[in-house]
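Visitor: Got a minute to walk me through this one? I'd like to start with the charges.
Guide: Sure, here it is.

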Amino acid sequence: MTSKEIRTTFLNFFKNKGHEIVPSAPMVVKNDPTLMFTNAGMNQFKDIFLGNETGKANRIVDTQKCLRVSGKHNDLEEVGHDTYHHTMFEMLGNWSFGDYFKKEAIDWAWELLHKVYGIPADRLYATVFEGSEKEGSEKDTEAFDLWKQYLPENRILLGNKKDNFWEMGDTGPCGPCSEIHIDLRPDAERAATPGESLVNKDNPLVIEVWNLVFMQFNRKADGSLESLPAKHVDTGMGFERLCMALQGVTSNYDTDIFQPLIGKIAELSGKKYGDDKDSDIAMRVVADHLRAISFSIADGQLPSNVKAGYVIRRILRRAVRYGYTFLGFDKPFICELVGTLVNEMGGTFPELVKQQQLIEKVIHEEELSFLRTLEIGINMLDKLVRESKKQNKKQINGTDIFTLYDTYGFPLDLTELILKEHGLQADKEGFDLEMQKQKNRARNAAAIEVDDWVVIKEGESEFVGYDHTSVETEILRYRKVKQKDKDFYQIVLSATPFYAEMGGQVGDSGLLESDSDSEPESIEIFDTKKENNLSVHLAQRLPLNLSGTFVASINIDKRTAAECNHSATHLLHYALRKVLGTHVEQKGSFVSSEVLRFDFSHFQKVNYDEIREVEKLVTKAIRDNIPLDEYRNISIDEARSMGAMALFGEKYGDRVRVIQFGDSVELCGGTHIRQTGNIGAFRIVSEGSIAAGIRRIEAVTAEQCENFLYMQQDLLYSIREMFNNAPNLKQALQKFFAENQELRKTVEEFKKENLALVKKELAKQVKDINGVNTLIIRGCYTPDVVKEIALQLRGEFTDKFLFIGGSDADNRPSLTLMLSDDLVKNGFDASKLIRSAAKHIQGGGGGQAHLATAGGKNVDGLSAAIDEILNAVTK
C-alpha cells in the first residue's frame, strides 16, 4: 500500500464505525500558554477532556501533524541517527468522548491492524498498565483480559507508569494506556530471540506503533487521582512507523513518505543514499527537518530568536549544518526541496501549496544567514586553535565553546569535528556546565506553581463583552498561582465582559466589585487570559466573600482604544491588499490600547508612496463612518460565501463570527468599535522586514495618533526656529547641507595637511629601545586622529616598530597600539596586550594582532597602561 492509501484506509475504517473525519489542527499552537506546538493528536481536543467544551461529535477520527523536539526518545540531536524517530510526524487517531471505551478501542485496533492491513498476528504485542502501589492504582485487568481474546499471555506485557500511564501534565485528565508493538525482524532473528524481551528496549525493528489511552482519572495538584464523570478514549498511531511496517522496509526513511525527498537531496548533492554512513544520516536529518520547518512556516510560525520561533530556527540550522558538513552544501539548498515536499503532501495538507512561495523564501534567507554565521564561527574557532597551540594546550575552554554555540549558533559537534582535525579536544564538561547554568536561568524565569481549582459554584462561564462593559456575576472557581516568587489568583466568573487575550488582542483589565452594601469591596483585575478555553481573570487578591454577588466592569477607555486599533487592522489589511496586491495575507498582529502591529506577506519594502496610499484608504474609511456589521455564530461555509478572509495558521470551528466594515470582511473573535468614525485618525509610524517575505507595520489611532501628529508638528516647529522661521524650510535645509558639505571638504583638506606635518614631526621622535623602534604620544587628540597617525606611520616604519598612543580628549582615556608585522610574527598580539593594559584605565578593548584600541574611565591610569605595554614589548 502507498502511504496515501494507508492514511485513507485508516480514516475510512473509523468513518464506517460512526466516526466523523475532522481536519488536522495547525501544528503551531496559539492561545495555549502551556504549548508551543501540537505534540500529540489529543491537543486540539484538550478542552473537551477538561470539560470546558462540548465536542461536535462523540466519535472523531483524524490525522494530526505533530512536532516533538524534546521528551521521551525525542532529543533533537538524535533525529536522523536512527531509523524511526522524527521531529515532525503524523499521528493517526480515533477518539471517543464519553461514548465507547476499552472494549471497542481494543477490538477495532486488532481488526484494523490484523484483518484490514494484514499484519500477521504473531508479530504483534500489547502492553498494559501493571498498577502502582505507591499511587494506589491497580493493574488494568480489563485491558489485559480483552487482549487475551487475540494474543497469548506471553505477548501481553505489563508496563510501568512511565510507559503505560498517560498524563496530560502534572495535573488534569489521565489514565492507563495500552501500547501495540510490532516485531519486524527476520524470522531467523525472531526464532533466536523472543520479541517480548525487546519490547520498549529501543530495538529499531521492535517498535511501538499504536497507543490506546483510556482517560478515566483526573490528577489533582496533591498527586491524588479521582475518577472522571465521563470516560474517554484517545488513540495515537505513528503514521510513518505504520507505513514502514506495511511497506516491508526496515526504516521509516525507506518508505514512500521520505524517499522522494532523499532522492532529491541525493541528486542535488551528487551523493548516493546508502553509500556512506555520515552522508546517510545527513540526508535523513535534512528530509525530516524540511518537513518540520515547512509545516511550521505554513502554520504561521517563522524562525526567530524567541520561543517557538527559536525552536524552528534551531531545527533549520541543524539541517543546514548537516548539509554543510557531510553533503558539501555551501549555498542554500533546503529551499530547493520544498517543491518535492509540496508534490508529495500538498494533496492532504493544502496549506503547503498555498504557502509554498513564502516557505521557500523564508528558508532561503535563513540558510544564507546561517551560512554566514558558520563562516564567522569557523574564523573564531581558528583563532582559538592558534592561541591554544601557542600555549601548548590540548583542550579548548568550555566557556569559549559555549559562547560560540550560544551567541553565534555554532553547533557543538561541528566544533568537536574541527578541533579533532587539529588534534585538540573540546572541554565538554565546561560546555555542559555553562549549558546547565543557562537552562537553570530559563527554568527559574519560567517556573510556575499552580494549585488545584477551588470550586465555589458549578456552572459554565459566559462571555458577554461584545454587548456589555459591566455585568452582575458570581465566582465559579479560583486557584492560586505562584510565578517568579509572586503570588496572584486566577478567577473564573459565571458571566464576564472581560475579553481574554486572544487573536493578537490584549486582555481587558478592570474591577470586580462587591454588590453588597454592608461589605463594599473592589478587586482590581490586572489582566485576562485564555486558558483551556476559559476566560481567566488575574487578580493580586481574592474577595473576602467568595460566594457573594459582584459587578464585573472593564476599563472602558482602554477597551475603546484597543477596539480602535483592532478595527484599524482590518481596514489596514484591506487597504494593503488594494494597494500592493491580493498576495498580501496577515501573518500576525498585536493590538493594545497604545499601538497596533500588523505582520503581512510581501517580498519587498513598502515605499513611501504606497504607505501614503494605504493611509489615505484607511483614513477615507474612517471619514465614511462605516457601521460595523457583525455576524455571530454563522456556519463557516456561509462566512466563506460572504468573502470572509480566514487567517493562516488559525483553526476555525463549524460556527464562526464575521466582522464586516464595508468591503472589509474577516473572521474574527475580537472586540470592535461600532463605526469606523470612532477611530478618529490613523497613521503608520514604521514599516520594515521581520523575516524573509514578511513585513511589519506599526501604526497608531485615535488619541495616540493625535499625540504622534503633535510630536511631528513640534519637531517641525523646533527645526523651523533653528533656521530663523525661514518661509521655505526645505530650501533652507538644502542650502545648509550644501554649505556644510563644502566646509567638511575644507576641514578634511586642513586635516590632511596638519596630519602630514604632525607625522613628519613625530617620525623624528621615534626612539630605539632595546632594538625596538618606539614612538609614544600623549595628548588630547581624539582616538580617531591617533589611529590615523598610527596607520600612516606604519607605512614608513616596517622594521620592529611599536606605536603607543594615549589620549585624554574630553577627559576620557583611550589607548591605541600598533605593531609592525615582524613583531606580530615574533608572537606579540596588540589585542591581548591592550586588553591587559586597559585595566589601568578601568576599561576594555580589543582589535587585531597588529592594531588594537581601548577606552576607559580612569585618566590617571594612562601612564601605567603605556608602561605595561612598553615593558612587555621592549624587555
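Visitor: How many positive and negative side chains does the protein have, and how far apart are the centres of the two sets?
Guide: There are 108 positive and 131 negative side chains, with the two centres 5 Å apart. Lys and Arg count as positive, Asp and Glu as negative, while His and the chain ends are left out. Each charge is placed at NZ of Lys, CZ of Arg, CG of Asp or CD of Glu.

Visitor: Any ground rules before we go on?
Guide: This is a predicted model, where local features need pLDDT of at least 70 and side-chain atom pairs count only at pLDDT 80 or more, but totals for chains, interfaces and linings use all residues. Residues are numbered from 1 along each chain as its sequence is written, and side-chain values use heavy atoms, without hydrogens or water.

Visitor: OK, how many helices and strands are there?
Guide: The protein has 25 helices and 34 strands. Those are DSSP runs numbered from the N terminus: H or I of at least four residues for helices, E of at least two for strands.

Visitor: And what share of the residues is buried?
Guide: 49% of the 875 residues. Buried means under 20% relative accessible area, exposed over 50%, and partly exposed in between, using a 1.4 Å probe and protein chains only.

Visitor: Switching to strands: which way does E4 run relative to E5, parallel or antiparallel?
Guide: Parallel, with 4 bridges joining E4 (residues 124-129) to E5 (residues 156-159). DSSP has to find at least two bridges for strands to pair. Val-128 sits opposite Leu-158 in E5.

Visitor: What does the chain pass through from E4 to E5?
Guide: Helix H4 (residues 141-147), in a right-handed β-α-β crossover. Right-handed means that, with the strands pointing away from you, the path from the first strand over the helix to the second runs clockwise.

Visitor: Backbone oddities next. What's the phi of Asn-625?
Guide: Positive, about 50 degrees, although Asn-625 isn't a glycine. Most residues other than glycine have a negative phi. Asn-625 lies in the loop between helix H18 (608-623) and strand E24 (629-635), and is partly exposed at 39% relative accessibility.

Visitor: And Ala-702, buried or exposed?
Guide: Buried, at 19% relative accessibility. Ala-702 also has a positive phi of about 50 degrees, and belongs to helix H20 (residues 702-722).

Visitor: Last one: where's Leu-544?
Guide: In the loop between strands E20 (534-539) and E21 (549-554). Leu-544 is exposed, with 72% relative accessible area.
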